[in-house]
Amino acid sequence: MKNKLLIILLAFCGVTSCQNVLDIAPSGRMSLDEIFTDDATTSAYLNSCYLNFPKWANFNSTSTNMRIALTDDAWDWYGNPAVPSNKMYIGSATSTNPILENEDNRNDNTDDVMGFWNKCWQNIRRCNVFLSRVATAKVTLESDRNRWTAEAKALRAFYNFELIIRYGGMPIVTSPLGLDYDYKQLKRESFKACVDNIIKDCNEALATPEFPWRISAGNEAYRFTKAIAAAIKSSAILFAASDLWNGGQNHWAEAETNTKKSLDDCLANGYELYNKVNNPSIFQSAYQEYFCSVTDWSATPVDKETILASTYANNDWIQFHGLPIQVAYKSGLCPSQELVDAYGMQASGQPILKLDKPYLDEAHLQPNYNPGSGYNPVNPYVGRDPRFYATIYYNGARRKNSAGVLTDIQTYYGGNCGINVNVRARTITGYYSKKYDHPSATISARIAATYRIMRLAELYLNYAEAANENGNLAGAIAAVNVVRTRAGMPNINPASKDEARLLIHNERRVELAYEENRYFDLRRWTKPDADLSATDRYLTGMWIIKTGNALDYKRFSIGDSWNTATGSWSNTATPRACYTNKYLIWPIQLVESRRLEAASGKKWQNPGW
Amino acid sequence: MVALIFPKKLISTIMKKIYIVSLNKILLCLVILAIGAGWLVAQTKPSRPLLSGKVIDTFGNPVAGAEVRLQDSDKATLTNLNGDFVFGVNDINAVLEISHLGFATLKVTKGEINKMEIILQKDVSNKDRIISTLYDQRPDYSVTAAVATVSGAELNKTPYMNLAAALAGRLPGLIVRQYNAEPGSEDYYLNIRGMGTPNGRSPIVLIDGVVSDNLQTINPRDVESVTILKDAAATVLYGMQGGNGIISVVTKRGDFGKPRISVNVDQSIQQAIKTPDMLHSREYAALRNEAYKNDGYGDNYIYSNAQADGYLQGTNRNIYPDNNWYKTFVKPFVQSQRYNVSASGGSDALKYYSNLAYTHVGGPFKVEQNDFNPRQSIDRFNFRTNVDVKLNNYISSFMNISGIVQRTNGSTSANGTILTSIFNLPPTLYGPLTPEDQVIATPQETNPTYGLINRSGYRKQTSTKMNAILGLNMDLSFIVKGLSTRVSAMFDASANSNINGTTGFERWIRDEASYPDSLAFIKQGTQLNTPLSLTKGVTYSYMSDMNWLLRYNKKWGKQTIGAMGFARYQYENHAELDIKGILPYKRMTYGAHFNYGFSNLLFADFAASYEGSEQFAPGHRYGLFPAGSVAWVISNHEFLKDNKFVTNLKVRASFGVVGNDELFGTRNLYLDNISQTGTKFISSLGGNIEENQRGNPLLTWEKARKANIGIELGVSDQFTFVADFFREDRDDILVNRSSVPASQGLPSASLAPINIGRVLNQGFEVKLGYNKTFNKDFSIGIQTYLDYNKNIIKANDEVKLGEDYAYRYRSTGYNLFQIWGYLIDKTNGNGYFNSQQEITNSGLIYDGRAPRPGDFIYKDLNGDKVIDTKDIAPIGYPVFPRISWGTNVNLTWKNFDAAILFQGIGQVSQSYSGMGFYDYTNGGTYFNMHRDAWTAERFASGAEITSPALSSSQSASNRINDFYVLNKQYVRLKNVEIGYQLPASLANKVKTESIRVYVSGYNLLTIDRLGNSDLDPEMGDITTFPTNRTWNIGLNVTF
């Protein structure tokens, strides 16, 4: 009987103790190790270093391009307090309210609240993962391995650069942090140390023979090149030498050397300014045509100026920064009077305002005219810098309307594009933006234009600024004049470093208007303990009153409106609140700074937040 | 003959319904057949009248439905309505056990009973009641774990096709909340003892001892009993799955005796308890103007005075319509019918229970389409056959086969979508069709209700589910006395097939701007009126469960010992086509259970399971789950045995560890989830690698340490009292990393989650009963219970917020899913800024939109004069009720019986937003609360203010705050059933055993504290289907 029992028990155990019952079928899941055992997946991993690459040119029906809207170049308003720019203007940005970071989130899939911070760190990590494994990865061609390595380094430099100009010096992370990483080791480095690291990555990329200077085939479009690495290097050292970030050190000599090297290298490798109008029946200047074109990827491109193009060939400009005569959705970023005032006179080559003190009053309502410029305040839009006509729609400019008929744009009160602070589609400054608006486009037949993130003119201006600050006045003037010549402006010839600085800064503003540079330029030119009250606090527009055929040009504070019946201003203007010292640097989102502080035991948040 | 029994009115109602739905015809045939068969059976004389008796109570009333069982066997029969039974027993010394709920079990020898009246004594404590626990059945007094049971008869007093609905208010410790009230698709959350984890919280459901997903579709009439297993001792044999408790359903089986046929016919009407008030167009126009005025747009910004007059006077309703779209599209009530025929009986060798049920539920919407049929309807067939076969003295087998065929017809649009669309149509809209018969849309609602109901096509869905449990019992006493074994297997296959006939329709918008005084329409969008195009979709899922167990029982002297060991293999392949469904779920369990009893006084149980799941990495798959429990039946001691006051006294205690492997509702989190996607923007590189989720190779299950102490008391055989106190400490809860800095480079959702969460959940259940039979004709029974649970998050991967935060943790130290929001500062009397001056004086800066007069004043908790997320505070009660209770009253008077159930939940809140609360939603949608929104005039006049100032866009008031967090507590008259049993003499005259007619109602009366006249507290929000009240009339005939 006992034997029988034993047999039963044995059978019970035998039948039920299958070792493999819980083994899952092959799930097809990949591990990171497997990725780098194959040429295709290794290259695919490099591809993901471009994931969520910032597109810039950010705008749609409810959002706005913050790095234009938050400068003294433009004002975006359409009466919706939820629009991020409005939240910024009223000063409601906090470290828990990632208004600034949201700007770069459009059109990608990482809309978690952390925004740009996450995006940069994720891509830095991807580059680090790639770089830590590419040397041993199974790659068929050594030339591929070398090119990919250089490419990942340039990408890492790019993300690091974009990170530090927003948040300040950051830890230098060159290998992927494991989950068991001891965050006590993590600390913020100085801005210059970060830039040195960026330049090191760029130099290593530039020293790689397989890394090309230019992409010459469509199937490689948007891949990184040596020119991008050179441009990152040029900008990075310029930022490091600037007032906000130099930490009291003088890095201008290094800046001049590096910016010159970058510029010369690009010139030596086929980059040149877009100098020729290919379609003169439509475009008045090469400068205008350039911004209404799409980057071409060929061995002999028409556009040899663009170094880094946005992946976003935007054809919505006409809709979201449009004109009422085209029945646009909204007027979008309306150019400010301050930007208009920055364009000099073509004949004299002189700025219309004295650059050292352009306005006599705080509210910018009393311009401090430069007597010799030839500017006529009662006929303000004649004889200006050609770039003005390529960038701004003003009263009297002409454009095809929605029916295709060439029409005078009337921005005077009551005109066909008349100023109206209460209507979304109307200008609130008296101007409309033009830079990316193809003259032949209509709302129903839109024409795309590529947004340029880096281009050769910027390298000239970077060098000009560095050379001037380093005492090389002649080199600086020569570089600026190359840019001015392309624009159709006479040469400048300042006598002093200080005079040259004002002209160079103004040149950057005009040449790079609506290209998102000024946001960071204004900040890096500001000392760490200063603020932006001179530029960003009070903005003005031009309210034109038409009586008969007479036009009365009234400078006014944006937000006011003129009551014709009473002959008085409504006094509803509110100056911007986002000019104070803390707005020089972005906040680290509170949840992240708390995490970092808890993990590292150090303070991370930026001043004022 | 039929007409004799059925009241004429009911017959005509039934007949009418029958011809409405063709399927009913079939059922009518079945009902008639069954009645015929039953009648025939009643004619047939029992072939072996060996032993007969009559069971009565102390008042001499016959006890119907009492079980008469041959001791230590499965041979049993039930008494009929007169308390009579007949039983075939050969052994003259056989002992019969006679038991019935509410009575003490009586043992008599065969010799004592023949032709005699057997008197059962009342026992309101039900200590002899047989409780089905895991792999075991035993009398209540010997149960050491925390369990609660309700009989199927009790549940069937709720006139619903969904068993979950009937469970509300009947089982202490079980919390039932409806989350979908769509007629025919009602769905419920069921939780046992509150929440112990943020992850999967559903108890597992066993039907006849096997894990099932069938609770909401099982035919309630098939249910013998439902038992909830609450503590670790009760659930430990499902170790890794038992953490959230177990709902165990046992279906009916056949009894020894002549065939018994039972027919039920129910007719129901469902109507919404509350529907949102739809505003008159003049009121709507006035409120929209008010909203724009509040935002500074001036008077009459949207509607001119002339328009407002037009809506008011209504002389031209074409131009100035006033449409109540809810009434236009939604039926005032929904009809349903249920038919049920069951047969049971058996002999020595074979016992059977067989059932066929048909349910029809009509649709909620008014349909005008005739080209195809988008009418909503649900037709469900349930069938079940449970058979027990005795093959020889050692081997018996059983087979439970059940199936469901459900056919659903309706529009291709989901009912919820259709209902929501109604609220997007303003009352000022002309429609629903243009004079040319085109569907009218609005800029806000491009999918208007009429089009969704009538012009979107139809969908016909057929779901079939087949479930079979087969098993073999073998008595191994030829090897060792007391040894037996059982092998069983369950197979379950579900298939779901959809036929979608889709049509497109044009949308037209009234051109009011150009033609304010006439009807003119312009076509909107590119949609066209298109003919039906057919598509079909099929899904399939499969489950199986294998069990083998060995059992050994031994008695010596006063002691009993039991040992049981088993092995179980579970396999589930879900229907989902994503990561959850592609690969099957597999679990392997070994378990053992030892129990010891000493003379009906002391019982001790120890059980352990060793369970593995492929959710975890090899080497980390198996876990050991032990639990022990004891019970001491004090009242069985000599000194209390014959005490007339303390009739029952028992204390219980248990402790054990159980687990939960429902982690984030996904699979195999121990593996990296890295995928290669298609070409992104660098085509030359040919794809991206996305690191979606890093795996945690150490991934493990949640471990719940559960302790329970219970006391059971019976007093004077009238009062009963049961109390249970529990404490559950659950750790290793899987949480997402929220303390790892994002600068690590992986998004927090992609980081490997880790098992570091900990939640403490404690509470109690108390149950009071009073049962008394006053005389032959009148008895009363009252059961009431209350349960309470409170959880607190002890650990989470949470970073402490800065010192300038009013509250520095958002989860640690609070209950699960705590609502956070702004507190309204009512120190000025009403909590609103009543003037611009008041805003200026306050000096408060609001993050986001600045406040206007009429917006809420929020408390600046950290005192920095800025109202932002640093000021948010925990608001209200948990989103999961802490209190749940039920009171059940049963009355019998002569042939009448009544059952009344009150049910409620308490200490529960919900945060509302969007439609119904935020008035700016969808271009302005207004309900009762917005009628008296803040205006300067209303404030000045001192009138009641029920909502912040209306706005044309999201205002400073429209954010989570204590105004929008409502108390969802309610008291419901959940269920009433009043029945009348025809006198047996009358029933017998028409050759039936019994006839009972009854009327019942569900959700009859509600008292709540929501403070919102448009919402029922059990409803999701204003745009979801409202909770229903049901009226039912039914007939039961037994042969």
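## Enclosed spaces and the model

A cavity is a set of grid points where a 1.4 Å probe fits but cannot get out. Rolling a probe the size of a water molecule over the atoms shows where empty space is left. The structure discussed here is a predicted model. This report considers two of its cavities and then the interface of its chains.

## The second largest cavity

The second largest cavity holds about 190 Å³ of space. Its lining consists of 16 residues. Nearest its centre lie B:Thr133, B:Ala145, B:Ala233, B:His593 and B:Asp605.

Several elements of chain B take part in this lining: β9 (136–139), α7 (232–235), β30 and β31 (622–633) each supply at least two residues. Sorted by class, the lining of the second largest cavity comprises nine nonpolar, four polar and three charged residues.

## The largest cavity

The volume of the largest cavity is about 270 Å³. It is lined by 20 residues, and those closest to its centre are A:Phe161, A:Glu162, A:Ile453, A:Glu458 and A:Asn517.

In chain A, the elements that contribute two or more residues to this lining are α8 (142–167), α10 (226–241), β8 (449–455), α16 (456–469) and α19 (518–524). The greatest contribution comes from α10(A), which gives four residues. The lining of the largest cavity contains nine nonpolar residues, together with three polar and eight charged ones.

## The interface of chain B and chain A

In the contact between the two chains, 68 residues belong to chain B and 63 residues to chain A. The area buried between them is about 5,600 Å², and carbon and sulfur atoms account for 63% of that area.

Across this interface there is one salt bridge. It joins the side chains of A:Arg125 and B:Glu691, with a distance of 2.9 Å from N to O. This pair qualifies as a salt bridge because 2.9 Å falls within the limit of 4 Å between a side-chain nitrogen of Lys or Arg and a carboxyl oxygen of Asp or Glu. The interface also has nine residue pairs in polar contact, with both residues at pLDDT 80 or more.

## The side of chain B that touches chain A

Six strands of chain B are named here: β27 (533–556), β28 (559–573), β29 (585–598), β30 (602–613), β33 (673–677) and β34 (688–693) each supply at least two residues of the side that touches chain A. By class, this side of chain B has 32 nonpolar, 20 polar and 16 charged residues.

Definitions and conventions. Residues numbered from 1 in each chain as written. Chains lettered and ligands numbered in written order. Predicted model: local features only at pLDDT ≥ 70, side-chain atom pairs only at ≥ 80, totals over all residues. Heavy atoms only, no water. Contact = heavy atoms within 4.5 Å. Buried area = accessible area lost by both parts, 1.4 Å probe. Polar contact = N/O pair within 3.5 Å; in protein donor to acceptor, adjacent residues only side chain to side chain. Nonpolar A, V, L, I, M, F, W, Y, C, P; charged D, E, K, R; others polar. 1 Å grid on protein atoms, 1.4 Å probe; cavity = no way out; pocket = protein on both sides within 12 Å on 5 of 7 lines; lining within 4 Å. Points joined across faces, edges and corners; volume = space filled by probe spheres on them.
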